[in-house]
Amino acid sequence: MNKNLLIFTSKKNALLLSAFAAVCTLLVSLTYVYTAPLIEQQAQQDLLNKLNQVLVPERFDNNPLENCLHITDKSIFGDDESHVIYRATQQEQPYALVFQTQTLKGYNGLIKLMVAIDKTGKVQGVRTLQHKETPGLGDKIDLEKSDWVLSFNDMKVNSDTDKRWFVKKDGGYFDQFTGATITPRAVVNQLRQSIRYVSSNFDRLFVMENQCVVDEMLPPDSLVQPITTDPQSQFDEQKATLTTKDEVSND
Amino acid sequence: MTNTTTSGEINDNEDIDNDLIEPKANAFKLVDWSGIAKEGLWKNNPALVQLLGLCPLLAVTNTFINALGLGIATMLVLIVSNLTISLVKDWVTKEIRIPVFIMIIASFVTIVELLMNAYTYGLYLSLGIFIPLIVTNCAIIGRAEAYASRNPPLNAAFDGLMMGLGFTVILLLLGGAREIIGQGTLFDGAHLLFGEWARTLEFQIFHFDQQFLLAVLPPGAFIGMGFIIAGKNYLDNKELEEQKNKAAKKVERARVTTVN
């Protein structure tokens with residue numbers, strides 16, 4: 001009798017708990033569905049703002065968010081994850097590559113940077129996206145605290161050991177901060193490596209196929225192959241190859 | 001003798017019962033709104049007296065706007081969770097009370113997080129992990145357990161509002177003080193919460209080349225918090241002493257009358 005009662009209450013509790021879980025999940029899901037497009041839009045806007053900061057606005061006329069590559073390359077990004085490189089063009093001509101890089105050699109955790117370089121290898125802009133450096137000391141890599149990152153503008157990396165691309169303490173061109181050398185050193189060293197690598201591979205990266213085509217856009221093959229072929233006919237060709245493939249697989 | 005004493009005891013008990021019943025009846029008719037408000041804002045302030053939710057309190061109060069953002073988020077969660085818990089309290093059995101409360105709180109925190117992500121993106125980024133961590137803010141589960149699960153919905157919602165307000169006020173006090181002392185600014189980053197027009201709100205009170213690190217870093221929050229608690233205790237003690245003095249004066253008069 002007692003046992004039955006126990007089972008009954010347990011069942012009741014389990015049902016109640018499940019009911020609450022269901023209602024709570026429903027509420028959260030509804031909010032998620034409602035806010036998801038807004039959040040996506042905000043993230044895109046945020047990214048676009050950052051891109052506009054590292055690029056010179058007058059020198060490109062495309063939407064870099066719709067022209068990009070997904071690449072895994074440790075010498076560019078500083079880790080083994082897949083990252084995105086955005087490509088800015090002016091009248092279909094290559095202008096700049098925007099990429100993220102990061103280093104763990106800072107004073108406190110990961111420093112994430114965004115860099116844009118043009119086809120001559122000149123830095124268009126550098127911004128710190130994320131860092132946890134000491135406030136008042138290492139956080140001067142943030143444009144909000146100090147305009148130190150602007151000192152990279154228009155600089156080029158000529159070789160892997162370009163003497164200017166070090167902090168002054170190491171014999172280079174860039175200022176370290178009073179009381180904080182580790183942070184700027186980490187940033188400068190990481191930038192030297194990745195900028196050098198990207199600028200020497202600039203053309204190769206620019207001819208790679210665009211992986212961020214938005215549906216409404218025409219196939220951007222004109223970028224890859226500047227030969228005067230009609231985009232529509234290329235599209236048809238692709239279709240043709242696709243159908244032949246299908247046939248083969250059907251066979 | 002024994003009879004009289006027992007009857008006396010019974011009478012006493014009846015008196016006590018009456019005393020107990022009467023205020024209860026009153027409480028249902030007339031809600032003691034100002035009492036609830038006083039509890040939340042001063043007497044039982046979650047940040048100053050209960051010392052709950054210290055982790056976000058200390059971590060996020062580096063600027064006024066960050067403090068305001070987290071304060072509002074916490075207050076919203078407190079009001080809605082208190083209201084909901086009070087509404088469902090009759091269906092929830094004793095055994096599954098805590099998991100249900102936590103589920104409700106976590107859902108609302110997630111909803112607030114999603115909304116902040118959608119509408120105040122910059123603030124969402126600058127508050128970071130501390131929005132989801134509202135779930136673990138003991139002030140919320142504490143109110144759910146101590147108040148909302150025992151009181152009618154309106155009282156519970158009002159209690160949530162007042163507790164949230166009390167928490168927010170302390171956040172703002174600490175955030176404002178740390179921002180002024182640490183960076184010399186006030187309302188820095190207001191555009192994150194209110195939109196671009198609010199950039200004009202930010203102003204520099206004074207300028208120095210080097211930030212005052214102690215105020216910017218978490219230890220500054222501990223020290224500031226200590227001062228605020230000390231200030232509150234000072235005021236409380238002062239009030240207590242005044243009451244004592246008044247009481248003493250009354251007693252003196254009474255003596256005078258008896259002597260006469």
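1. A good place to start is where the two chains meet: 24 residues of chain A are in contact with 25 residues of chain B. Keep in mind as you read on that this is a predicted model. Putting the two chains together buries an area of about 2,200 Å², and carbon and sulfur atoms account for 73% of that. On the chain A side, the residues touching chain B sort into 14 nonpolar, 5 polar and 5 charged.

2. How many salt bridges does the rule find across the interface of chain A and chain B? The count comes out at 0. Polar contacts do turn up, though: the rule finds 4 residue pairs of that kind across the interface of chain A and chain B, with both partners at pLDDT 80 or more.

3. Now for chain A taken by itself. Its secondary structure amounts to 6 helices and 5 strands. Reading from the N terminus, the order of elements in chain A is α-β-α-β-β-β-β-α-α-α-α. Of the 251 residues in chain A, 38% are buried. If you look at contacts in chain A between residues at least 6 apart in sequence, 49% of them link residues at least 24 apart.

4. Strand S4 of chain A, residues 111-118, deserves a look. Because 7 of its 8 residues are buried, S4(A) is largely enclosed by the rest of the structure. One of its partners is strand S3 of chain A, residues 93-103, and the two pair in the antiparallel sense over 8 bridges. To find your way along this pairing, pick out A:Val98, which stands opposite A:Ala116 in S4(A).

5. S4(A) also pairs with strand S5 of chain A, residues 123-130. These two run antiparallel as well, joined by 6 bridges. Two bridge pairs make handy landmarks here: A:Val115 has A:Val126 as its partner in S5(A), while A:Ala116 has A:Gly125. So A:Ala116 is a residue to click on for both pairings, since it stands opposite A:Val98 and is also the bridge partner of A:Gly125 in S5(A). As a reminder, side chains in a regular strand alternate between the two faces of the sheet.

6. Is S5(A) largely enclosed or open? It is largely enclosed by the rest of the structure, because 6 of its 8 residues are buried. S4(A) and S5(A) make a hairpin with 4 residues between them. In that turn sits A:Gly121, whose phi is positive at about 90 degrees.

7. Two residues other than glycine also have a positive phi, so check their backbones while you're browsing. A:Glu92 has a phi of about 70 degrees and is found in the loop between strand S2 (82-90) and S3 of chain A. In chain B, the phi of B:Phe187 is near 60 degrees. B:Phe187 belongs to the loop between strand S1 (185-186) and helix H9 (190-194) of chain B, and its relative accessibility of 24% makes it count as partly exposed.

8. Staying with chain B, have a look at helix H8, residues 153-183, where you'll find B:Gln183. Is B:Gln183 buried or exposed? With 15% relative accessibility, B:Gln183 counts as buried, because the cut-off for that is under 20%. Setting aside neighbours within four places in sequence, B:Gln183 has contacts with B:Asn62, B:Thr63, B:Arg178, B:Asp188, B:Gln204, B:Phe206, B:Phe208 and B:Gln211.

9. B:Thr168 is another resident of helix H8 of chain B. This residue is buried, with a relative accessible area of 6%. Which backbone oxygen does the side chain of B:Thr168 reach? The answer is that of B:Gly164, at 2.6 Å. Leaving out neighbours within four places in sequence, B:Thr168 is in contact with B:Gly71, B:Ile72 and B:Met75. For a link across the sequence, take B:Leu57: B:Leu57 and B:Thr168 are 111 residues apart along the chain, and their C-alpha atoms are separated by 9.2 Å.

Note on methods:
Residues are numbered from 1 along each chain as its sequence is written. Chains are lettered from A and ligands numbered from 1 in the order in which they are written. Side-chain values use heavy atoms; hydrogens and water are left out. Buried means under 20% relative accessible area, exposed over 50%, partly exposed in between (1.4 Å probe, protein chains only). Two strands pair if DSSP finds at least two bridges between them. Contact means heavy atoms within 4.5 Å. Buried area is the accessible area (1.4 Å probe) that two parts lose on being put together, summed over both. A salt bridge is a side-chain nitrogen of Lys or Arg within 4 Å of a carboxyl oxygen of Asp or Glu. A polar contact is a pair of N or O atoms within 3.5 Å; within protein, one must be able to donate a hydrogen and the other to accept it, and residues adjacent in sequence count only if both atoms are side-chain atoms. Ala, Val, Leu, Ile, Met, Phe, Trp, Tyr, Cys and Pro count as nonpolar, Asp, Glu, Lys and Arg as charged, and the others, Gly among them, as polar.
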